[in-house]
Amino acid sequence: MTDLWTSVKIGDSVLDNRLVMAPMTRSRALESGVPGPLMVNRANRPLEKLTIDLDNHVADLVSVGHYALANPDLVARLKNKIPLNKPNPDIIYVNNGAVGYTDYPTAD
Ligand SMILES: Cc1cc2nc3c(=O)[nH]c(=O)nc-3n(C[C@H](O)[C@H](O)[C@H](O)COP(=O)(O)O)c2cc1C
């Protein structure tokens, strides 16, 4: 099983782990045109399947959207097996100012 919590280099950037927020996943090729590390985004993927593409050597990184939005401390929660906040679909994709974007609580 590939460890989600290992570092990966993308171009000039070195990420601490292989979990990224979904909107960061749009490019693959490096400036040279050579494909770099591949991030796979699977909408509505159940949490227990988070590493399935790493495990099967399909992807180098994993992306999440809704869970990253609802959990400002997502990495700490996953590493420490702390239950996640559930994203509230009623306050995503609506113009409510900060509501639903910056007001989900951290675990501490
Ligand atoms: C708040 C929010 C905004 C998003 N905006 C876009 C967008 O502008 N364009 C797009 O292609 N995908 C957008 N997405 C979709 C994500 O990039 C991603 O495909 C999807 O959320 C992944 O599924 P998951 O949320 O179940 O992890 C957005 C997702 C969220 C949660």
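This is a short walk through one protein chain and its ligand, starting with the overall layout and ending with a few single residues.

Before anything else, please keep in mind that what we are looking at is a predicted model. The chain has 108 residues, and buried residues make up 14% of them. If you lay the C-alpha trace along its principal axes, it spans about 40 × 30 × 25 Å. The secondary structure amounts to three helices and five strands, and, read from the N terminus, the elements follow one another as β-β-β-β-α-β-α-α. As for how the chain folds back on itself, among the contacts between residues at least 6 apart in sequence, 45% join residues that are at least 24 apart.

Let me turn to the sheet. Three strands form an open sheet in the order β3-β5-β4, and the pairing is parallel. The edge strands here are β3 and β4, since each of them pairs on one side only. Neighbouring strands of this sheet are turned against each other by 35 degrees on average, with direction ignored.

Taking the two pairings one at a time, β3 and β5 run parallel and are joined by three bridges. Within that pairing, V20 stands opposite S63 in β5, and M21 stands opposite V64, also in β5. On the other side, β4 and β5 likewise pair in the parallel sense over three bridges, and here N41 has S63 of β5 as its bridge partner. So much for the pairing; what about the side chains of β5, and which way do they point? L61 and S63 point one way from the strand, V62 and V64 point the other way, and all of these residues are buried.

That brings me to the nonpolar core. Which residues make up the largest one? It has 11 residues in all, namely L19, M39, L54, A59, L61, V62, V64, Y67, L69, A70 and L74. Both β5 and α2, the helix at 66-70, supply at least two residues each to this core. One member, L74, touches Y67 and A68, once we set aside residues up to four places away in sequence.

Next comes the ligand. There are 10 residues around it, and the ones that come nearest are A22, A43, V64, G65 and H66. The shell divides into six nonpolar residues, four polar ones and no charged ones. You will recognise V64 from a moment ago, as the residue of β5 that M21 stands opposite and as a member of the largest nonpolar core.

I would like to finish with four residues in loops. The first topic is backbone angles, and as background, most residues other than glycine have a negative phi. Against that, N44 has a positive phi, near 65 degrees. N44 sits in the loop between β4, at 39-41, and α1, at 52-55. Is N44 buried or exposed? N44 counts as exposed, because there are 6 C-beta neighbours inside 10 Å. H57, which is not a glycine either, also has a positive phi, about 60 degrees. The place of H57 is the loop between α1 and β5, the strand at 61-64. With 8 C-beta neighbours inside 10 Å, H57 therefore counts as exposed.

The other two are P37 and N17. P37 is found in the loop between β3 and β4, and it is partly exposed because 15 other C-beta atoms lie within 10 Å. Leaving aside its neighbours within four places in sequence, P37 is in contact with V8, I10, D60 and L61. In the case of L61, the two residues are 24 apart along the chain, while their C-alpha atoms are separated by 7.4 Å.

N17, for its part, lies in the loop between β2, at 13-15, and β3, at 19-21. With 16 C-beta neighbours inside 10 Å, N17 counts as partly exposed. If we do not count residues up to four places away in sequence, N17 touches L4, W5, T6 and V75. How far is N17 from G100 in space? From C-alpha to C-alpha, N17 and G100 are 25 Å apart, and in sequence they are 83 residues apart.

To close, the element I would ask you to remember is β5, which stands between β3 and β4 in the order of the sheet and supplies at least two residues of the largest nonpolar core.

Notes. Residues numbered from 1 in each chain as written. Predicted model: local features only at pLDDT ≥ 70, side-chain atom pairs only at ≥ 80, totals over all residues. Helix = DSSP H or I, 4+ residues; strand = E, 2+ residues; numbered from the N terminus. Buried ≥ 20, exposed ≤ 12 C-beta atoms within 10 Å, placed from the backbone. Contact = placed C-beta atoms within 7 Å. Near = placed C-beta within 6 Å. Nonpolar A, V, L, I, M, F, W, Y, C, P; charged D, E, K, R; others polar. Core = buried A, V, L, I, M, F, W, Y, C linked by C-beta atoms within 7 Å. Pairing = 2+ DSSP bridges. Axes fitted to C-alpha atoms, helices over the stretch in contact; angles between N-to-C directions.
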